[in-house]
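Notebook open, coffee ready. I wanted to see how one chain is put together and how it meets its partner.

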Amino acid sequence: MSMPRRVATLRAISKTAGARTGSAVFVQIDHELQELADVIRIHPEKRKNLLRLLHGCRALETALKEMIRSHGVTPRHSLGPIFRQLSQIPYGQPGYLNAANAQRFGRTVRIARNRYTHEANAFPRSTREAESVLSEIEACFALTVR
Amino acid sequence: MTTVYDRRATLTQLLRRDLTDRDAVVVPNPDHPLLIRGPDIIISIEQSLFALFTPSAEERQSPSRLKPRFVLSRLALPTHTRFLLVIEPSGVAVAQYFSNDFADIIEWSRRSRIVQIASNKEYTGRHRDVPAEIIGDAQLRFANAMTVMHIVARLSRRPFSAAFAETTYGEGIATSRPPQMRRTQRVPVVNRTLAETGGVAFAEMLDFDVDASAVRELIDDQVNYSYVLDNGIPYQSGDASGLAVVRDWPIGHRDPDKLIHAAAFAGWAFVLEENRNELRRFARRLKQRRAQ
């Protein structure tokens, strides 16, 4: 979805998480979230939807790695192992995702990333599809970045 | 006459003006992905996050109406978030009801104190972090409800998007059409003694337009029933899960999955009418606890 109020909320949470973890990478995450809000004005629709997913995925993936790093663990490179690492964070601590959530969010983000960033001429089939994936990305962001 | 919306706007202006040099981010009417109604304003300043609540007339009149949005905001926002209650002279009842739950209660006439509080790195007030165990349990409940709804979607072959009309135009890309929003006037009846669901709350919503207002009523009822507040910490006192039978998936106005996410975060799973013969199985799934 990523309307301005949603993005502003995630940016506020992310900014504090950056200050608390002491990670300068959150500045880049903030830029990525800002892009997510800015592309709302882009036409045509299919390009806008693609860019929204791209910025949403990049913000989330980088944020998840920083949350893992905040526990003194080096994040893995691929998404599957990253989500497994999140489920190994102590119960209820910042960054923690339980196994069911990790599996579901991991699948959503992996499919979106693989399809739309690696395949030529691949676009979300509809605004609804893009919004649904973004909704999952933003829910995952809110549960983990704390 | 000054409304609560005017006051929120005034407060936002004040905070933006007086906290600019502290590199603060002030977000009025924040849109959290897991909450239908969260705080009225959030402030991010250095390592601190503040959530401000300015109760509506309904909440001032009946303070228990504020409890669900406070409890769920406590569970959804980072545990270190300082919660501040801003009250008008007519907000005495709400201040008494939450006397020990907010980090601080600030009278509207002394609102500039919020700037001092937000600027003070050491400020804690009456704040206590929500224990990690409670945050983990809230996430588990969300996961269980989402799992049940994904099972329902798979069994019925109706993904969440099935509730959304789609048309194709422009460059051949299918574009979603906003849902037709109709307002329900009734309050869902929650049954907690149904043998089939074994203590899991149950609501029949077949003749409802399951919009944000109806989902909010479900959530509020459940949170009021299943949580008690102790010095601002929401402790679960009863089973917080529920099953609601609906004709079709509810859809949010801007974020199409928001009602589903928000309901799941409060423990509710929607079950389509055609899958109601599986209620017992879904109730068992909702009760799944943390693997030790």
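Before I look at any distance between domains, I note that domain bounds come from an automatic or database domain assignment. I also keep in mind that this is a predicted model.

Entry 1, the domains. I looked up how chain B is split, and I found domain 1 (4–119) and domain 2 (132–286). The C-alpha centres of these two domains of chain B lie 27 Å apart. They do touch: 18 residues from domain 1 of chain B and 19 residues from domain 2 of chain B take part in the contact. On the domain 1 side, helix H3 (residues 67–76) of chain B gives the largest share, 7 residues. I sorted that side by class and got 11 nonpolar, 3 polar and 4 charged residues.

Entry 2, the partner. How many residues of chain B are in contact with chain A? I got 42 residues of chain B, against 37 residues of chain A. Several elements of chain B give two or more residues to this side, including strand E1 (25–28), strand E7 (173–176) and helix H8 (258–265). The largest share, 9 residues, comes from H6(B). By class, the side of chain B that touches chain A has 19 nonpolar, 14 polar and 9 charged residues.

Entry 3, one strand. I picked strand E13 (residues 268–272) of chain B. Since 4 of its 5 residues are buried, E13(B) is largely enclosed by the rest of the structure. Strand E12 (residues 242–246) of chain B runs parallel to E13(B), joined by 5 bridges. I spotted Val245(B) opposite Val271(B) in E13(B). Going from E12(B) to E13(B), the chain passes through H8(B), and this β-α-β crossover is right-handed.

Methods
Residues numbered from 1 in each chain as written. Chains lettered and ligands numbered in written order. Predicted model: local features only at pLDDT ≥ 70, side-chain atom pairs only at ≥ 80, totals over all residues. Contact = placed C-beta atoms within 7 Å. Nonpolar A, V, L, I, M, F, W, Y, C, P; charged D, E, K, R; others polar. Buried ≥ 20, exposed ≤ 12 C-beta atoms within 10 Å, placed from the backbone. Pairing = 2+ DSSP bridges. Right-handed = clockwise from strand over helix to strand, strands pointing away.
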